[in-house]
Amino acid sequence: MAKIVVVVGVTGNQGGSVARRFLQDPQYHVRGLTRHPTSDMARELADKGVEVVQADLDDVESLKEAFAGANLIFTVTNYWEPFFRPDCRQEAAQLGISCRKYAYDVEYQQGKNMADAAAATVGSLDRNGLIASTLSHADKCSNGKFKRLYHFDGKADVFPHYVEEKHPELAKKMSCVQTGYFTSSYNLAPQSYFVKQTDDSFVMRFPTSPTKAVPHLAVNEDTGSFVYGVSQMPPGKSYMAESSTCSWTHFMQIWGSVTGKKGTYEQVSSNDMIEAAQDRAFGAELADMFAYSSEPGYDGGDETLLTAADIRKAGIDCPMTTLRQYMETADWSAVFGL
Ligand SMILES: NC(=O)c1ccc[n+]([C@@H]2O[C@H](COP(=O)([O-])OP(=O)(O)OC[C@H]3O[C@@H](n4cnc5c(N)ncnc54)[C@H](OP(=O)(O)O)[C@@H]3O)[C@@H](O)[C@H]2O)c1
């Protein structure tokens, strides 16, 4: 009988990539979760062989049903939906809290719901049966310097901390996968990523040190490959899913050599980044992330995180797309303004 892999966020970047990879292995039956099983994307996935199941991360009972009998569960949360949704902004204002904190509360609760639902089926899970997409704990890793990097701590407070504290049996079967900067994220903050100058050159402006290396991930191409590799590793380990690790200066050098444009990197203050942003709260959340990426580092300074190279060293196939390969195939016409 096929093993059941449950994929949260199957209609999204990370989950979609994970589903595509497991679909290639006939050993697995892929069950994908969505709130909207009749959406075009959900139907497309069903046509490809995914068992599409309706579930809501806000509803723990729906998750318990969807996770039941799973051999492997991949979890992910989307901080940015409650951050941006107009009704959530309104509710945050009524509660008298920032939209940043509001989205943290939602993400934290959704993470706890998934952990509780996974714990309810811990017996059916494989030895390495819960693979959680997460990030480093900014508050703890910076010794309190970054107290409001909510989209990091909303994940790390659950995966691994809540699971370790509340569900020790589940924790033994868990792997935590931190994900690098998505190479496709440039369109989210166009006023900081590739800012076109009058001479047709491009400048990238973040608060990260120009020499600090940060992890980059081709999310749609490689999350599946990485998670599939992790599923074959022993449990209880933490990872950084990255295709290339390099400074933003180097990133712009590669980009320039691929596109033929002049590209440079300039470190700016957090305030400068916030001022440039269209949405101040978004600018502040990102500015904290880019500053934190300098010290202690995007990964919180944790040098023990395993990478694709470590998975390959264990004899497990884990192909990843390099930054150059990603840039060579990406369509830059929107950035160029064509
Ligand atoms: N951008 C970056 O550089 C970067 C780097 C590292 C980490 N991240 C993190 O990546 C996360 C987003 O991941 P992604 O890009 O894969 O997300 P995405 O493409 O935006 O997709 C979000 C997925 O989550 C599902 N979802 C959202 N709310 C749900 C709910 N209440 N119940 C059930 N399903 C729900 C959606 O399903 P339906 O809509 O179909 O229900 C969709 O499949 C964020 O938390 C972000 O912090 C981003």
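Start by selecting P296: this proline is partly exposed, with 17 other C-beta atoms within 10 Å. Here a residue is buried if 20 or more other C-beta atoms lie within 10 Å of its own, exposed if 12 or fewer, and partly exposed in between, with C-beta atoms placed from the backbone. Before going on, note that this is a predicted model, where local features need pLDDT of at least 70 and side-chain atom pairs count only at pLDDT 80 or more, while totals for chains, interfaces and linings use all residues. Residues are numbered from 1 along each chain as its sequence is written.

**Around P296**

P296 sits in helix α13, residues 280-297. Helices (H or I, at least four residues) and strands (E, at least two) are DSSP runs, numbered from the N terminus. Now show the backbone between E295 and P296: the peptide bond there is cis, with omega about 10°. What does P296 contact, leaving aside its neighbours within four places in sequence? Select C141, S142 and G301. Two residues are in contact if their C-beta atoms, placed from the backbone, lie within 7 Å. For a sense of scale, draw a line from P296 to V195: they are 101 residues apart in sequence and 27 Å apart in space, C-alpha to C-alpha.

**Another cis bond, and two odd backbones**

Jump to F159 and P160, which are also joined by a cis peptide bond, this time with omega about 20°. P160 belongs to helix α8, residues 150-166.

Next, pick N143, in the loop between α7 (138-141) and α8. N143 is not a glycine, yet its phi is positive, about 55°. Is N143 buried or exposed? It is exposed, with 8 other C-beta atoms within 10 Å.

Then try D200, in the loop between β8 (195-196) and β9. D200 has a positive phi too, about 70°, and is not a glycine either. With 10 C-beta neighbours inside 10 Å, D200 counts as exposed.

**Strand β12 and helix α11**

Select C246 in strand β12. C246 is partly exposed, with 16 other C-beta atoms within 10 Å. Not counting residues up to four places away in sequence, C246 touches A213, F251 and L323. If you measure from C246 to V177, you should get 19 Å, C-alpha to C-alpha, for a pair 69 residues apart in sequence.

F251 leads you into helix α11, so colour residues 248-259. At 1.5 Å a residue, these 12 residues should span 16 Å, and the end C-alpha atoms are 16 Å apart, which agrees. The expected span is 1.5 Å times one less than the number of residues in the helix.

Which residues of α11 are buried? Show W248, F251, M252 and W255. They cover an arc of only 95° around the axis, which puts them on the same side of α11. The arc is that of the directions from the helix axis to the C-beta atoms. The buried residues of α11 pack against β9 (202-206), β12 (244-246), β13 (263-267) and α15 (323-329). Just after the helix comes G260, with a positive phi near 80°.

**The ligand**

Bring up the ligand and the 26 residues around it; G9, G12, Q14, R35 and F182 come nearest. A residue is near a molecule or strand if its C-beta atom, placed from the backbone, lies within 6 Å of it. Which elements each supply at least two residues of this shell? They are α1 (13-23), β2 (28-34), α4 (80-84) and β7 (181-182). Of these, α1 gives the most, with three residues.

Colour the shell by class and you get nine nonpolar, 13 polar and four charged residues. Ala, Val, Leu, Ile, Met, Phe, Trp, Tyr, Cys and Pro count as nonpolar, Asp, Glu, Lys and Arg as charged, and the others, Gly among them, as polar.

**Zooming out**

Finally, show the whole chain as a cartoon: 16 helices and 13 strands. The radius of gyration is 20 Å, close to the 20 Å that the globule rule gives for 338 residues, so the chain is as compact as a globular protein of that length. That radius is taken over C-alpha atoms, and the rule is 2.2 Å times the number of residues to the power 0.38. Along the principal axes, the C-alpha atoms fill a box of roughly 60 × 50 × 40 Å. Buried residues make up 46% of the 338 residues.
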